[in-house]
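Here is a quick tour for anyone opening this one up for the first time. Have a look at the picture, then read on.

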Amino acid sequence: TLEGLSFSFFPALGLTGRGLMARIPGRPDLPPFIVVERFRVSGGVQSVVRGHFSRAHLEGLKITIPPGDARKDIGPDNAPGTSDGDSAWSKQVVIDRIDTPNAELTILRRKPGAEPLVFQIHQLELTDVGFDRKIPFRTKLTNPIPRGLVDSTGHLGPFPPGQPSELPVDGDYTFTGADLDTIKGIAGTLKSNGHYDGVI
């Protein structure tokens, strides 16, 4: 659903929207998968016609990952209203840069009553964004357990059709100021750095 959408043509073609919300089909019991309070996408007219945008800015981005088996229902291949033409066009869409300050990622737990894991994403920048490629990213976020600051650069993608949980990710990280008091029975602080790769 989308609460509002408007266009502007000067100094560049721009698309501004608010109240974007995406839910998992057939699961009204779960919170929205994606919420964006406001967004703006811009680019040159000729480039936009070809599906190439120069920049996208998102405000109030919140992503909620459902528990367990519900994850397989995110973005199925046979989603209603998706045609081969729509799929071909989406694969051609490229955005030079996406930035979204102060986003939030929540992972719901499988165990009933368990507190969700909430990651405060202070900064997230993606460049050369397309569905058919590896996307460079840079992010700074607060890890909930143990609580501490993570600074990471790496790559996401390419996007696997209908299988968002299998999205490839790799990168390097620095984890500082990790407060072990947030884990029962442990105390102290730690720092770490290294490399990771796998799926999201």
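Strands here are DSSP runs of E with at least two residues, and they are numbered from the N terminus. With that in hand, Pro158 can be placed: this proline sits in the loop between S11 and S12. We'll come back to Pro158 further down.

**The overall picture**

Keep in mind that this is a predicted model. The protein has 200 residues, and 31% of them count as buried. Its secondary structure comes to 2 helices and 13 strands. If you take the contacts between residues at least 6 apart in sequence, 48% of them join residues at least 24 apart.

How confident is the predictor? The mean pLDDT is 85, with 86% of the residues reaching 70 or more. Residues 76–83 are another story: their pLDDT is below 50, and beyond near neighbours in sequence the stretch has 4 contacts in the model. Where pLDDT is low, the predicted coordinates should not be read in detail.

**Starting at the front**

Strand S1 (residues 4–8) pairs with strand S2 (residues 13–22) in the antiparallel sense, over 5 bridges. A hairpin of 4 residues takes you from S1 to S2. If you want one bridge to look up, try Leu5, whose partner in S2 is Gly17.

**The core**

Which residues have the most contacts inside the largest nonpolar core? That core has 27 residues, and the best-connected ones are Phe53, Leu58, Ile95, Ile98, Leu126, Val129 and Leu156. Several strands give two or more residues to this core, including S3 (34–43), S5 (55–59), S7 (94–99) and S10 (135–143). S9 gives the most, with 5 residues.

Let's zoom in on Val129, which belongs to strand S9 (residues 117–130). Val129 has 13% relative accessibility, so it counts as buried. Leaving aside neighbours within four places in sequence, Val129 is in contact with Val93, Val94, Ile95, Ile98 and Ile135. Take Val93 from that list: Val93 and Val129 are 36 residues apart along the chain, while their C-alpha atoms are separated by 8.1 Å.

Ile98 shows the contact from the other side. Not counting residues up to four places away in sequence, Ile98 touches Ala56, Leu58, Leu124, Glu125, Leu126 and Val129.

**A threonine tucked inside**

Thr100 is found in the loop between S7 and strand S8 (103–107). Is Thr100 buried or exposed? Its relative accessible area is 3%, and buried means under 20%, so Thr100 counts as buried. A polar atom of the Thr100 side chain lies 3.3 Å from the backbone oxygen of Leu58. Beyond its neighbours within four places in sequence, Thr100 is in contact with Leu58, Leu61, Gln123 and Leu124.

**Backbone oddities**

Most residues other than glycine have a negative phi, and most peptide bonds are trans. This backbone has some exceptions, collected here.

| Where | Backbone feature | Value |
|---|---|---|
| Ile145 to Pro146 | cis peptide bond | omega near -10 degrees |
| Gly157 to Pro158 | cis peptide bond | omega near 0 degrees |
| Asn102 | positive phi | about 55 degrees |
| Asp128 | positive phi | near 50 degrees |

Where do these sit? Pro146 lies in the loop between S10 and S11, and Pro158, as promised, is in the loop between S11 and S12. Asn102 is in the loop between S7 and S8, and at 59% relative accessibility it counts as exposed. Asp128 lies in strand S9, and with 35% relative accessibility this residue counts as partly exposed.

**Two tyrosines to finish**

A pair of aromatic rings is described by the distance of the centres and the angle of the planes. How many aromatic pairs does a search of the whole structure find? It turns up 2. In one of them, Tyr173 and Tyr196 have ring centres 6.3 Å apart and planes at 40 degrees, so the pair is tilted. The two tyrosines are 23 residues apart and link distant parts of the chain, with Tyr173 in strand S12 (residues 168–179) and Tyr196 in strand S13 (residues 189–199). Tyr173, at 24% relative accessibility, counts as partly exposed. Tyr196 counts as partly exposed too, at 27%.

Methods:
Residues numbered from 1 in each chain as written. Predicted model: local features only at pLDDT ≥ 70, side-chain atom pairs only at ≥ 80, totals over all residues. Heavy atoms only, no water. Phe/Tyr/Trp six-rings, centres within 6.5 Å; stacked < 30°, edge-to-face > 60°. Buried < 20%, exposed > 50% of the residue type's maximum accessible area, 1.4 Å probe, protein only. pLDDT = per-residue confidence, 0-100. Contact = heavy atoms within 4.5 Å. Pairing = 2+ DSSP bridges. Core = buried A, V, L, I, M, F, W, Y, C linked by side-chain atoms within 4.5 Å. Polar contact = N/O pair within 3.5 Å; in protein donor to acceptor, adjacent residues only side chain to side chain.
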